[in-house]
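Welcome to the tour! Open your viewer, get ready to select a few residues, and follow along stop by stop.

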Amino acid sequence: MKALIAARAIITRELARFVTQRERFFAALVRPLVWLFVFAAGFRAALGLSIIPPYKTYISYETYIVPGLCGMILLFSGMQSSLSLVNDRESGTMRLMLTAPWPRWFLLGAKLLAGAMVGLLQVAVFLGIAWFYGLKFSAVGYLAALPALALAGIMLGALGLFLSARIRQLENFAGVMNFVIFPMFFLSTALYPLWKMQESSPLLATLCEINPFTHAVELVRFALYGQLNLAALGWTVLAFALFFGLALLGYEPARTRSR
Amino acid sequence: MTEALRVAGLSHDWGRKPALRDVSFAVPEGRFCALLGPNGAGKSTLMAVLTGLIRPAPGVVSVGGHDLGRSPRAALARIGVVYQAPTYDLDRSVFANLKYFAALQGLSGAEARERIATSLARLGMEERAGEKVAALNGGHRRRMEIARALIHAPRLLLLDEPTVGLDAPARAAITAHVHALTAEGISVLWATHLVDELHPDDDLVLLHQGRVAAAGRVDAVTGATPLAEWFLARTGAAA
């Protein structure tokens, strides 16, 4: 059980770092809230939504984008922790962790879990504010959303881990925004349902369908109504396995490049 | 004498650039061995191999009889490392930094606290446990890192140019502290390009252009020639 002591230390260090960085916490919250209060209000009129599963009645646009914004928080959080990994790697604290006497997958897995927990914390606060705004879900919905959000967070964290292992020029967030976050976010069902996209461009709709972020968002969307979207679950798990596998290859000792 | 570290037939390339060429040497138990070499000799690459961060092909690294490639956990548990680049959280206290490391090694609770206290006392750092690392000077930060590397009672201490950026008194103090550790049976591999950090009765491995150019006791290897002169003659580099 000594390995668990190590995992706990990695997770508490990450949480402590996050809590002390207040600006990061507020920045992480302001982003989705602006989308919810401003963007969604403006788009409400422009975007007509039909009744699609898991919804049983007409819903407001704000209600529709809540799962997508949860995904957005996790996406930003996952990328941010991958950037901190690059820093850790440069500064040497990553070496400290990787030379601890545990298997590499275990240490990187703990780091991943730590990042996902930071993301979950932000989502919880966001959902709390949304609740006061009138966007309420059932207790079962919140409960079911927890594992869905955790899985989505771990999958997106694994993507960040993979990127940090492979891409050396990940120093600035702007590049990640342009090439990872924006394409993933806009080419998904976070802001508009798939059929809407299908109407405008079948090609873009196909891209949305293969985007793992879409499946993570749908998993959360169905979970918030106490339903399990099996296909979304399968794709999210598959994407996680793929990204984590690639990340492990990237951090494999023989492939670790010179500083 | 038993060996704390044995390296045999180690080679490594960074892409097309060869970094290590058929490196072999051993560090006996309780000995201070300096890994001497000019900048770019391959010292940091060798340190990365010895800590398992890169895997050499071909080559064998054995720590206290445990093969680093086959049983990395047993080998790593016997190594304490002080990296060239600083590896601490500046905004956390000395104790918090050491506690994090202890936990990484699987130590917690009273046992961890006890070992942290012992380690800090060994380096004369016990009264600084509560201070933030950011408030410490360079010498004390290094001492903290050495204390940290000793928490899990390793038998072999690896230090990669640990005195870089320190003033003369701090350098002398740290060199003396680490020499003293060998009296307790700890073996030390100390990478440096500064010859004044070596004692005549230390061991020496001269690394030049990725190869072992000389190895043995400092006074035996250099003979009557002063070490600085000898080093210069062998490597053609300014020490």
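**Stop 1: a glutamate in chain A**

Select Glu218(A) and look around it. Setting aside neighbours within four places in sequence, Glu218(A) is in contact with Thr189(A), Asn229(A) and Ala232(A). Keep in mind as you look that this is a predicted model. Now show the ribbon: Glu218(A) belongs to helix 10 of chain A, which covers residues 212–224.

Is Glu218(A) buried or exposed? Its relative accessible area is 14%. The cut-off for buried is under 20%, so Glu218(A) counts as buried. Next, add Arg221(A) to your selection: the side chains of Glu218(A) and Arg221(A) are joined by a polar contact of 3.1 Å.

**Stop 2: a strand inside chain B**

Move to chain B and select residues 187–192, which make up strand 8. Six of its six residues are buried, so the strand is largely enclosed by the rest of the structure. Try colouring its two faces. On one side you will find Ser187(B), Leu189(B) and Ala191(B), and on the other Val188(B), Trp190(B) and Thr192(B).

Which strands pair with strand 8 of chain B? Select residues 32–36 of chain B to see strand 3, which runs parallel to strand 8 and is joined to it by five bridges. Here Leu35(B) stands opposite Ala191(B). Then select residues 156–160 of chain B: this is strand 7, also parallel to strand 8 and also linked to it by five bridges. In this pairing, Leu159(B) stands opposite Trp190(B).

**Stop 3: where the chains meet**

Now show both chains together. In all, 27 residues of chain B are in contact with 27 residues of chain A. About 2,600 Å² is buried between the two chains, and carbon and sulfur atoms give 62% of that area. Highlight Leu53(B), Tyr100(B) and Leu104(B): they supply 25% of the area that chain B buries against chain A, more than any other three residues.

How many salt bridges cross this interface? The rule finds one. To see it, select Asp89(B) and Arg13(A), whose closest N and O atoms are 2.7 Å apart. Between the chains there are also seven residue pairs in polar contact, counting those with both residues at pLDDT 80 or more.

For a last look, select helix 2 (72–77) and helix 3 (94–104) of chain B, each of which supplies at least two residues of the side touching chain A. Helix 3 gives the largest share, four residues. By type, that side of chain B has 14 nonpolar, eight polar and five charged residues.

Technical notes:
Residues numbered from 1 in each chain as written. Chains lettered and ligands numbered in written order. Predicted model: local features only at pLDDT ≥ 70, side-chain atom pairs only at ≥ 80, totals over all residues. Heavy atoms only, no water. Contact = heavy atoms within 4.5 Å. Buried area = accessible area lost by both parts, 1.4 Å probe. Salt bridge = Lys/Arg side-chain N within 4 Å of Asp/Glu carboxyl O. Polar contact = N/O pair within 3.5 Å; in protein donor to acceptor, adjacent residues only side chain to side chain. Nonpolar A, V, L, I, M, F, W, Y, C, P; charged D, E, K, R; others polar. Buried < 20%, exposed > 50% of the residue type's maximum accessible area, 1.4 Å probe, protein only. Pairing = 2+ DSSP bridges.
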